[in-house]
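I opened a new notebook page for this model. My plan is to go through the packing, the surface and the charged pairs in turn.

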Amino acid sequence: MTAEFWITQTFNGLSYGALLFLLASGLSLIFGVMRIVNLAHGSYFLLGGYIGLSVTWRTHSFVLALLAGALAVALIGVGMERLFLRRLSGHLLGQVLMTIGFALIFQDLALLLWGGEWLIVS
């Protein structure tokens, strides 16, 4: 095994660890502040990334893509909280089941709209 292999594996491990930290901190923050168990926050990252990717392809502006992805995910999150999560206030199991269902819906929607192949930002 070469040094290049170990360097690559180290960066892969660090990036995966950072991704897990983002997801876990999002769950902890939402539950700690709002007392809502939202297990769909990983799907928010997915949708924000794909929406940003689509905006980048159309406008060739990375800054506009960041703004569009963040705004779209914020609107989705506010809509979910206002329409669905408020009704399940205090019912942790109901919140878990509903947000897992939304996570599955968001993932299938992303698969339907953007496909399952690798997409690259140049």
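**Core**

I looked up the largest nonpolar core first. It has 13 residues, and Y44, L47, M80, M98, F102 and F106 touch the most other members. I then checked which helices feed this core: α2, α3 and α4 each give at least two residues. The largest share, 6 residues, is from α4. I note that the model is predicted. As a general remark, nonpolar side chains tend to be buried together in soluble globular proteins.

**Y44**

Which residues does Y44 touch, leaving out those up to four places away in sequence? I list N38, V73, I76, G77, M80 and F106. Two of these contacts, M80 and F106, are named with Y44 among the core residues that touch the most other members.

**Helix α4**

I tested the length of α4, residues 92–114. At 1.5 Å a residue, its 23 residues should span 33 Å. The C-alpha atoms at its ends are 32 Å apart, so the span agrees with the expected value.

Next I asked which residues of α4 are buried. They are Q95, M98, T99, F102, A103, F106, A110 and W114. I traced what these buried residues pack against, and found α2 (41–59) and α3 (62–83). I also looked just past the end of α4, where G115 has a positive phi of about 80 degrees.

**Surface patch**

I moved to the surface. M1, F5 and W6 make a nonpolar patch of about 400 Å². M1 sits in the segment before α1, which covers 3–34. Is M1 buried or exposed? Its relative accessible area is 80%, so I log M1 as exposed.

**Salt bridges**

How many salt bridges does the structure hold? I count 2. In one, the side chains of R82 and E81 meet at 3.6 Å, N to O. In the other, R86 pairs with E81, and the closest N and O atoms are 3.2 Å apart. E81, R82 and R86 are thus entered as a network of salt bridges.

I checked accessibility for two of these residues. E81 has a relative accessible area of 17%; buried means under 20%, so E81 is buried. R82 is at 52% relative accessibility; exposed means over 50%, so R82 counts as exposed. The R82 to E81 bridge therefore joins an exposed residue to a buried one.

Note on methods:
Residues numbered from 1 in each chain as written. Predicted model: local features only at pLDDT ≥ 70, side-chain atom pairs only at ≥ 80, totals over all residues. Heavy atoms only, no water. Helix = DSSP H or I, 4+ residues; strand = E, 2+ residues; numbered from the N terminus. Expected span 1.5 Å × (residues − 1). Buried < 20%, exposed > 50% of the residue type's maximum accessible area, 1.4 Å probe, protein only. Contact = heavy atoms within 4.5 Å. Core = buried A, V, L, I, M, F, W, Y, C linked by side-chain atoms within 4.5 Å. Patch = residues over 30% accessible without salt bridge, like charges linked within 9 Å, V, L, I, M, F, W, Y side chains within 5 Å. Areas by Shrake-Rupley, 256 points an atom, 1.4 Å probe, with all protein chains shown as cover. Salt bridge = Lys/Arg side-chain N within 4 Å of Asp/Glu carboxyl O.
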